[in-house]
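Reader: Please take a close look at one helix in this model and at what surrounds it. I would like a single connected account rather than a list.

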Amino acid sequence: MSIDAPSRPARTSTSELSAAERHRLESAFRIPRARFLLGIPVALLILFWSFDGAGFDFVKLGEGAVNMGEFLSRLFPPDFSKIGTILALLLETFQMAVVGTVLGAVLSLLVAFAASSNIAPKWLYYPTRWVMNIIRSVPDLVFALMFVSAVGLGPFAGILAMTLGSIGSIGKIFAEAMEQVDRGPVVAMEAVGASKRQVIQYGVLPQAAPLLTSYTLLLFEGNVRGATILGLVGAGGIGLELTTAMRMYDYGHLSAIIICIIVLVTLIDQGSALIRRRIT
């Protein structure tokens with residue numbers, strides 16, 4: 001006895017679309033509105049005004065190309081005689097980034113719950129957003145100097161600076177990722193009497209998890225590069241060694257440090273890309 005395959009629902013033709021749905025589909029192919037066309041010259045004026053105010057000069061850039069080439073020529077050949085010191089400081093930089101990313105991601109996720117308009121009440125949403133804006137406006141070097149004065153020189157101050165800086169940057173992205181989840185499951189859970197914790201745990205986080213993971217990996221990559229800068233103010237990592245090589249005009253050592261940083265960042269970028277492909 002043969003079993004008939006389940007019949008598939010007939011595909012809706014264009015003629016069966018409602019007027020509102022047809023209007024929505026056709027609007028994507030319309031010519032841009034007049035205000036959009038007017039916005040183009042306004043944007044160009046702002047761009048050229050910014051070029052002039054910032055002193056951007058293509059002629060000066062061309063004239064300085066010779067000096068840039070001379071500087072780059074001094075970086076060769078690289079001097080790997082201190083490779084042990086470089087690798088030890090790179091390992092410290094990597095460890096700083098790992099700890100700073102974990103702490104920053106956890107705290108950013110907690111703050112993001114209070115900064116998501118679909119989760120937090122307005123009395124909590126707006127103050128949290130303002131605090132995140134303030135944190136994001138302060139450079140990480142300022143946080144590093146603050147923590148260096150509090151806990152002393154070393155990687156601990158750099159980890160604290162990365163953690164605090166993450167709340168302002170990645171916390172905002174976490175919140176926006178949770179705001180963009182499909183409202184259908186959330187509304188359904190609220191309709192059957194689910195608590196706020198259950199809505200977040202089963203309705204929001206599962207949908208936002210791929211984006212949250214991807215942004216956390218992006219935070220890790222940024223923290224690795226950021227840790228090299230924080231060392232400039234004594235907050236650990238390879239930044240201090242990099243600055244010392246520049247001040248001593250030790251271009252061979254400087255070149256070896258830069259090459260090692262490039263290799264580390266490239267390896268981390270490739271690993272992060274592999275993880276992203278598996279979760280998306």
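Author: Helix 8 has 25 residues, and at 1.5 Å a residue these should span 36 Å. The C-alpha atoms at its two ends are 35 Å apart, which agrees with that figure. The model is a predicted one. Helix 8 also bends, by about 40°, and the bend is at I167.

Helix 8 runs over residues 155-179 and is one of the helices that each supply at least two residues to the largest nonpolar core, along with helix 5, helix 9 (183-191) and helix 10. That core has 19 residues. Six of them come from helix 10, which is the largest share. The residues with the most contacts inside the core are I119, M178 and V204. Two of these partners meet I119 directly: leaving aside neighbours within four places in sequence, I119 is in contact with M178 and V204, and also with F113, K196 and I200. In general, nonpolar side chains tend to be buried together in soluble globular proteins. A second core, separate from this one, has 18 residues, and L90, A97, L254 and I268 are among them.

Helix 5 and helix 10 are also linked by an aromatic pair. The search of the whole structure finds six such pairs. In one of them, the rings of F94 and F220 have their centres 5.7 Å apart and their planes at 80°; an angle over 60 degrees counts as edge-to-face, so that is how this pair is classed. F94 is in helix 5 (residues 83-114) and F220 in helix 10 (residues 196-230), so the pair links parts of the chain that are 126 residues apart. The two rings differ in their surroundings: F94 counts as partly exposed, at 29% relative accessibility, while F220 counts as buried, at 14%. Elsewhere, F51, F56 and F58 are joined by ring pairs into a cluster.

Next to F94 in the sequence is T93, also in helix 5. T93 has 1% relative accessibility and counts as buried. Its side chain reaches the backbone nitrogen of I238 at 3.0 Å. Not counting residues up to four places away in sequence, T93 touches I238 and G237, and also V224, A227 and T228.

Terms used
Residues are numbered from 1 along each chain as its sequence is written. This is a predicted model: local features need pLDDT of at least 70, side-chain atom pairs count only at pLDDT 80 or more; totals for chains, interfaces and linings use all residues. Side-chain values use heavy atoms; hydrogens and water are left out. Rings of Phe, Tyr and Trp (its six-membered ring) pair if their centres lie within 6.5 Å; planes under 30 degrees apart count as stacked, over 60 as edge-to-face and the rest as tilted. Helices (H or I, at least four residues) and strands (E, at least two) are DSSP runs, numbered from the N terminus. Buried means under 20% relative accessible area, exposed over 50%, partly exposed in between (1.4 Å probe, protein chains only). A polar contact is a pair of N or O atoms within 3.5 Å; within protein, one must be able to donate a hydrogen and the other to accept it, and residues adjacent in sequence count only if both atoms are side-chain atoms. Contact means heavy atoms within 4.5 Å. A nonpolar core is a set of buried Ala, Val, Leu, Ile, Met, Phe, Trp, Tyr and Cys residues joined through side-chain atoms within 4.5 Å. The expected span of a helix is 1.5 Å times one less than its number of residues. The bend at a residue is the angle between axes fitted to the seven residues ending there and the seven starting there.
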